[in-house]
Amino acid sequence: MRKFTLLIGAFLVLTFSGCNLEPISDLDASESAKKPIKNVENTNLPTNDYVNLNDGTHCEVIRLMAGQHYEAGIITVDNDGQNLIITYSTNGDWTINATHLSIIDCSSESFPTTNAGNPKIGLFKYSDTFEDGVNVVVYSIPLSEVSENYCFAAHAEVLGPTGEETAWGEGKDFGGKSWAMYVEANLSDCNGGGLGYG
């Protein structure tokens with residue numbers, strides 16, 4: 001009986017020593033975490049009426065890009081006849097911890113920036129923080145304060161599958177040393193769309 005136990009023990013040692021059990025390296029784990037989240041059909045976006053990308057009622061619909069490579073949600077622009085309404089909406093994987101929004105007359109003003117051309121988000125006119133994180137943030141700007149050719153920069157601090165990230169509404173490059181972006185638009189393009197108002 002003792003010889004049989006020794007034979008089984010030797011067999012088990014040989015069997016398990018032949019298996020190479022290696023832990024997944026930190027590099028492998030971090031590389032998989034860096035892969036962009038695919039959201040081509042926007043199936044993970046909220047289903048509220050005002051966030052329907054295919055309904056054609058928004059003046060503008062742009063992606064909210066987190067960490068340059070991740071689609072964290074969308075930003076929509078609407079016109080209710082009295083206000084320009086800019087809405088940040090995240091998809092199910094992301095929440096918003098803070099927002100900074102600046103809207104200017106593209107032809108006569110410039111965004112607050114550093115000497116290097118990077119935006120100073122602390123000087124953006126509209127900002128909020130959300131201790132517990134939120135999925136929707138809405139800003140309402142009176143149309144009397146919006147020029148025909150307006151530009152807006154929509155920044156957010158978001159939390160998602162890759163951790164905390166900086167996010168920007170997708171648009172034109174600021175031209176500084178950061179990847180910050182802004183959107184250029186015309187108010188007249190927004191007269192017939194957005195929340196069903198003309």
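**A note on the fold, Leucine 187 and Glutamine 68**

1. Let us begin at leucine 187, which counts as buried, with a relative accessibility of 13%. That label applies because buried means under 20% relative accessible area. Please keep in mind that this is a predicted model.

2. Where does leucine 187 lie? Leucine 187 is found in the segment after β10, the strand that spans 181-186.

3. Now for its surroundings. Leaving aside residues up to four places away in sequence, leucine 187 touches Leu84, Leu143, Val146, Ser147, Glu148 and Tyr150. Asparagine 149 is 38 residues from leucine 187 along the chain, yet 6.4 Å separates their C-alpha atoms.

4. Stepping back to the whole protein, you will find two helices and ten strands. Following the sequence, the order reads α-α-β-β-β-β-β-β-β-β-β-β.

5. The protein has 198 residues, and 39% of them count as buried. About 11,600 Å² of the protein is exposed, with 51% of that area supplied by carbon and sulfur atoms. If you take the contacts between residues at least 6 apart in sequence, 65% of them join residues at least 24 apart.

6. One more residue deserves a visit: glutamine 68, in the loop between β1 (60-66) and β2 (70-79). Is glutamine 68 buried or exposed? Glutamine 68 is partly exposed, as its relative accessible area is 44%.

7. Do look at the backbone there too. Glutamine 68 has a phi near 75 degrees, a positive value in a residue that is not glycine. Most residues other than glycine have a negative phi.

Technical notes: Residues are numbered from 1 along each chain as its sequence is written. This is a predicted model: local features need pLDDT of at least 70, side-chain atom pairs count only at pLDDT 80 or more; totals for chains, interfaces and linings use all residues. Side-chain values use heavy atoms; hydrogens and water are left out. Helices (H or I, at least four residues) and strands (E, at least two) are DSSP runs, numbered from the N terminus. Buried means under 20% relative accessible area, exposed over 50%, partly exposed in between (1.4 Å probe, protein chains only). Contact means heavy atoms within 4.5 Å. Accessible areas come from the Shrake-Rupley method with a 1.4 Å probe; for residues, only the protein chains shown count as cover.
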